[in-house]
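Ready for some practice in reading a protein model? Have a look at the sequence and structure below, then try each exercise before reading its solution.

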Amino acid sequence: MALFEPTACQVDVAAGTMSGATGTYRKRLADLAGLYGDEGAFAAAVQAGGNTIVYDVADFRPSARSGDLIFGITRMSAGCIGEEYYMTRGHIHAVADRPEIYYGQAGQGLMLMESPEGEMRVIEMRAQTICYVPPFWIHRSVNTGTADFVMIFSYPADSGQDYGIIERAGGMRHRVMQGGPKGWQLVGNKDYRPRSTEAVAAVMQP
Ligand SMILES: [Fe+2]
């Protein structure tokens with residue numbers, strides 16, 4: 001069997017990029033309809049600059065084999081829609097028992113996690129924070145700072161992403177808004193619809 005060639009990628013923390021990536025994608029404001037609670041503020045922001053980059057991702061994917069690893073870098077701009085901080089779309093892994101590691105590089109933000117049954121957890125991230133996202137947790141990152149929020153990530157190569165689990169629930173249970181002693185606070189999402197017992201069981205099956 002031919003072995004995969006060992007590889008190194010160079011991280012540019014200031015730019016939030018990585019050399020040697022095999023793939024990249026970029027999310028602009030106009031790509032993120034339906035994510036934010038204040039639809040009027042979102043429409044105004046798109047009107048003012050729908051091309052504004054909210055976040056971009058560069059990754060290295062050696063293969064899709066179950067024993068392999070994908071790794072990469074994510075950079076998120078600072079900003080708000082209304083009082084709600086910029087965030088990633090968020091997902092659960094399509095193979096839901098696959099975990100992920102995030103390693104903070106620059107800026108500050110949150111890893112927002114929700115179990116299929118609707119329990120919420122928040123990990124505060126800054127440079128040198130490692131966050132372990134265990135299997136079965138829906139996850140999304142949020143930039144609560146005033147500068148780029150940059151993280152390295154790695155997850156099993158056969159994980160995949162299911163974005164629909166958040167959309168079907170009307171979002172995550174909480175939104176991250178300006179305010180509170182830390183400058184951010186969790187606020188209940190009025191659009192949230194808890195998953196049915198059947199929907200939870202479908203996610204949790206091995
Ligand atoms: Fe993930």
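Three short exercises with worked solutions follow. This is a predicted model, where local features need pLDDT of at least 70, side-chain atom pairs count only at pLDDT 80 or more, and totals for chains, interfaces and linings use all residues. Residues are numbered from 1 along each chain as its sequence is written, and side-chain values use heavy atoms, leaving out hydrogens and water.

**Exercise 1.** Work out which strands stand at the edges of the sheet 10-9-12.

Solution. Start with the order: three strands form an open sheet, 10-9-12, with antiparallel pairing. Strands here are DSSP runs of E with at least two residues, numbered from the N terminus, and two of them pair if DSSP finds at least two bridges between them. Strand 10 (120-126) and strand 12 (138-143) each have a single partner strand, so they stand at the edges, with one side of each left without a neighbour in the sheet. Next, look at one pair: strand 9 (residues 108-114) joins strand 12 over six bridges. Here Glu114 is opposite Ile138.

**Exercise 2.** Decide whether Thr74 is buried or exposed.

Solution. First find Thr74 in strand 5 (residues 69-76). Then apply the cut-offs: buried is under 20% relative accessible area, exposed is over 50%, and partly exposed is in between (1.4 Å probe, protein chains only). Thr74 has 6%, so Thr74 is buried. Leaving aside neighbours within four places in sequence, its contacts (heavy atoms within 4.5 Å) include Asp56, Phe149 and Met151.

**Exercise 3.** Do likewise for Gln10: buried or exposed?

Solution. Locate Gln10 in the segment before strand 1 (11-12). Its relative accessible area is 60%, so Gln10 is exposed. Beyond residues up to four places away in sequence, Gln10 touches Thr17, Met18 and Ser19.

Notes. Helices (H or I, at least four residues) and strands (E, at least two) are DSSP runs, numbered from the N terminus.
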